[in-house]
Amino acid sequence: MTLTVQDLAVTRGGLTILEGVSFELAAGEALVLRGPNGVGKTTLLRSIAGLQPVEAGIVSRAEDQIAYAGHSDGLKAMLSVTENLRFWASVFGLSDVEPALAAFDLIELRARMAGTLSAGQKRRLGLARLMVTGRPIWVLDEPTVSLDAASVSLFADAVRHHLSSGGSALMATHIDLGLSEARVLDLSPFKAGPKARQMDEAFL
Ligand SMILES: Nc1ncnc2c1ncn2[C@@H]1O[C@H](COP(=O)(O)OP(=O)(O)OP(=O)(O)O)[C@@H](O)[C@H]1O
């Protein structure tokens, strides 16, 4: 199994948000996390990626197997599109960025400074970065934000290709990507108990 999550509890701002979350993800599989705004999708993904500690439970995975793409694109504004990808490829020990440029329709934009890209173009570059990590488990938080229909379709193709090459993907998304092979996990039943909920209201 690529990723096993057992009885996981995660916190945000010192409060338990989700508890009792369990699932498995094998090579070639995609799992889509669903649930209303604020249920804890981002918190869960960050915890699984090792970006924040878990409160309880087990996440069995090698952190160096995970490529995480979250809300901030992490792009270098003063580097070109190609230079950004080359930079990330070098960090991960890879060199060929051409497939990633092609997959996300970035060839015509390759010489542009990343800081001058539109929101959707930046997002495409942020997602292209996944391909140059060479890492098998993609953990994606709302990957399609700012993407138009054609770009969503490119992204879905990239995920399909990743799965067919033995990769796997765990993602939170509100839209239907048309990935018929993806399983769906609704997080609503794992919301932490009423005590934590009441305290959460105090933040509002
Ligand atoms: N610093 C904080 N202190 C307290 N609560 C927080 C803090 N940051 C986030 N939260 C709360 O934690 C809960 C989970 O947030 P999270 O971002 O994981 O939800 P989400 O399911 O990803 O939401 P969305 O669909 O809106 O992106 C929310 O109720 C949010 O208000």
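A residue counts as near a molecule if its C-beta atom, placed from the backbone, lies within 6 Å of that molecule. The exercises below apply to a predicted model.

**Exercise 1. The shell around the ligand**

Determine which residues come nearest to the ligand, which element gives the largest share of the shell, and how the shell divides by class.

Solution. Begin with the residues themselves: there are 13 around the ligand, and G13, N37, G38, T42 and T43 are the ones that come nearest. Next, assign the shell to secondary structure, where helix α1, spanning residues 41-48, provides the largest share with three residues. Finally, sort the shell by class, which gives seven polar, three nonpolar and three charged residues.

**Exercise 2. The sheet and the helix that packs on it**

Describe the order and pairing of the strands in the three-stranded sheet, and then place helix α1 relative to this sheet.

Solution. The three strands form an open sheet with the order β2-β1-β4, and their pairing is antiparallel. The edges are occupied by β2 (15-25) and β4 (56-60), each of which pairs on one side only. From one strand to the next, the twist averages 30 degrees. For the pairing of β1 (residues 3-12) with β2, seven bridges join the two antiparallel strands, and T4 stands opposite E24 in β2. Helix α1 packs on this sheet and touches β1, β2 and β4, while its direction makes about 125 degrees with that of β1.

**Exercise 3. The packing of α4 against α5**

Work out how the axes of α4 and α5 are related, and identify the residues through which the two helices meet.

Solution. Two packed helices are described by the angle between their axes and the distance between the axes. Here the axes of α4 (residues 119-131) and α5 (residues 149-164) come within 11 Å and cross at roughly 5 degrees. Angles under 35 degrees count as roughly parallel, and α4 and α5 are therefore roughly parallel to each other. At the contact, G120, R124, L127 and M131 in α4 meet S151, F155 and A158 in α5. By class, this contact of α4 with α5 comprises four nonpolar, two polar and one charged residues.

**Exercise 4. The burial of α4**

Establish how many residues of α4 are buried, and name elements that cover them.

Solution. A residue is buried if 20 or more other C-beta atoms lie within 10 Å of its own. Ten of the 13 residues of α4 are buried, so this helix is largely enclosed by the rest of the structure. Among the buried residues of α4 are Q121, R123, R124, L127 and M131. The cover over the buried residues of α4 includes β5 (66-69), α2 (81-91), α3 (98-103), β6 (137-141) and α5.

Methods. Residues numbered from 1 in each chain as written. Predicted model: local features only at pLDDT ≥ 70, side-chain atom pairs only at ≥ 80, totals over all residues. Helix = DSSP H or I, 4+ residues; strand = E, 2+ residues; numbered from the N terminus. Nonpolar A, V, L, I, M, F, W, Y, C, P; charged D, E, K, R; others polar. Axes fitted to C-alpha atoms, helices over the stretch in contact; angles between N-to-C directions. Parallel < 35°, antiparallel > 145°, perpendicular 65-115°, else oblique. Contact = placed C-beta atoms within 7 Å. Pairing = 2+ DSSP bridges. Buried ≥ 20, exposed ≤ 12 C-beta atoms within 10 Å, placed from the backbone.
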